[in-house]
Amino acid sequence: ENSYIRLDWSTALEINNAGFEVERSTNGADFVKIGWVKGNDNATSTIAYSFDDKTAQPNIRYYYRLKQIDNGNVAFEYSKIVTAQIFSEGKTSIGDFIPNPTKDRSKIDLFIAKNQNAVIDVYEVTGKFIKSETIEMKKGFNTYVIQTEDLSAATYIVSFKIDGQRFSKRLNVLK
């Protein structure tokens, strides 16, 4: 719906799990608690959880992590960091490649104002043209996956031509 950010996660096993602090950052380093999701103490089956961040604002890249806390606050553990963004309605917006750097593939989120084709050009950072592709995009939220197995280890500029505008993102490929 592009009006809030939903975090989904699951556990395969829970031992003495009080719950999860949901933490958010705008720079990927300084996190603040924005919510709490109660755990299930002890469980041996998969349990799905979610948290809706309804305070997230459009066009800001947010970083999230979970702080899993044991009963009695005797121990805690952090999850890996994930990122998300709400895009303004009616405005074409492009996120960042994740992961970056990458070895075999990376994805990027795009918010498109109307159904249209997008031309994606890949250049080495030196300006040398590598490849081009045209893809069909639907109005709203889209995810583009770039396969990088056939690319050499280098820095690339990926250019998106959408709705008469050109957006460029840097992508580092490792081997």
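**Exercise 1. Find how open Aspartate 52 is, then find its partner.**

Step 1. Aspartate 52 has 24% relative accessibility, so it counts as partly exposed. The classes are these: buried is under 20% relative accessible area, exposed is over 50%, and partly exposed lies in between (1.4 Å probe, protein chains only).

Step 2. Know the model. It is predicted: local features need pLDDT of at least 70, side-chain atom pairs count only at pLDDT 80 or more, and totals for chains, interfaces and linings use all residues. Residues are numbered from 1 along each chain as its sequence is written, and side-chain values use heavy atoms, with hydrogens and water left out.

Step 3. Look for the partner. Aspartate 52 forms a salt bridge with arginine 6; their closest N and O atoms are 2.7 Å apart. A salt bridge is a side-chain nitrogen of Lys or Arg within 4 Å of a carboxyl oxygen of Asp or Glu.

Step 4. Place the pair. Arginine 6 is in strand 1 (residues 5-11) and aspartate 52 is in strand 4 (residues 47-53), so the bridge ties together parts 46 residues apart in sequence. Strands (E, at least two residues) are DSSP runs, numbered from the N terminus.

Step 5. Check arginine 6. At 45% relative accessibility, it counts as partly exposed.

**Exercise 2. Decide whether the pair of arginine 65 and glutamate 23 is buried or exposed.**

Step 1. Confirm the contact. Their side chains meet in a salt bridge, 2.6 Å from N to O.

Step 2. Place both ends. Strand 5 (residues 62-70) holds arginine 65 and strand 2 (residues 14-25) holds glutamate 23, so parts 42 residues apart in sequence are tied together.

Step 3. Read the class. Both residues are buried.

**Exercise 3. Trace the network around Aspartate 96.**

Step 1. Aspartate 96 forms a salt bridge with lysine 169, with closest N and O atoms 3.2 Å apart.

Step 2. Aspartate 96 sits in the loop between strand 8 (93-94) and strand 9 (105-112), while lysine 169 is in strand 14 (residues 165-173), 73 residues apart.

Step 3. Add the third member. Arg61, Asp96 and Lys169 are linked in a network of salt bridges.

Step 4. Count over the whole structure. The search finds nine salt bridges.

**Exercise 4. Which residues touch the most other members of the largest nonpolar core?**

Step 1. Define it. A nonpolar core is a set of buried Ala, Val, Leu, Ile, Met, Phe, Trp, Tyr and Cys residues joined through side-chain atoms within 4.5 Å.

Step 2. Read the members. Among its 19 residues, Leu110, Tyr144, Val158 and Phe160 touch the most others.

Step 3. Find the main contributor. Strand 13 gives the largest share, four residues.
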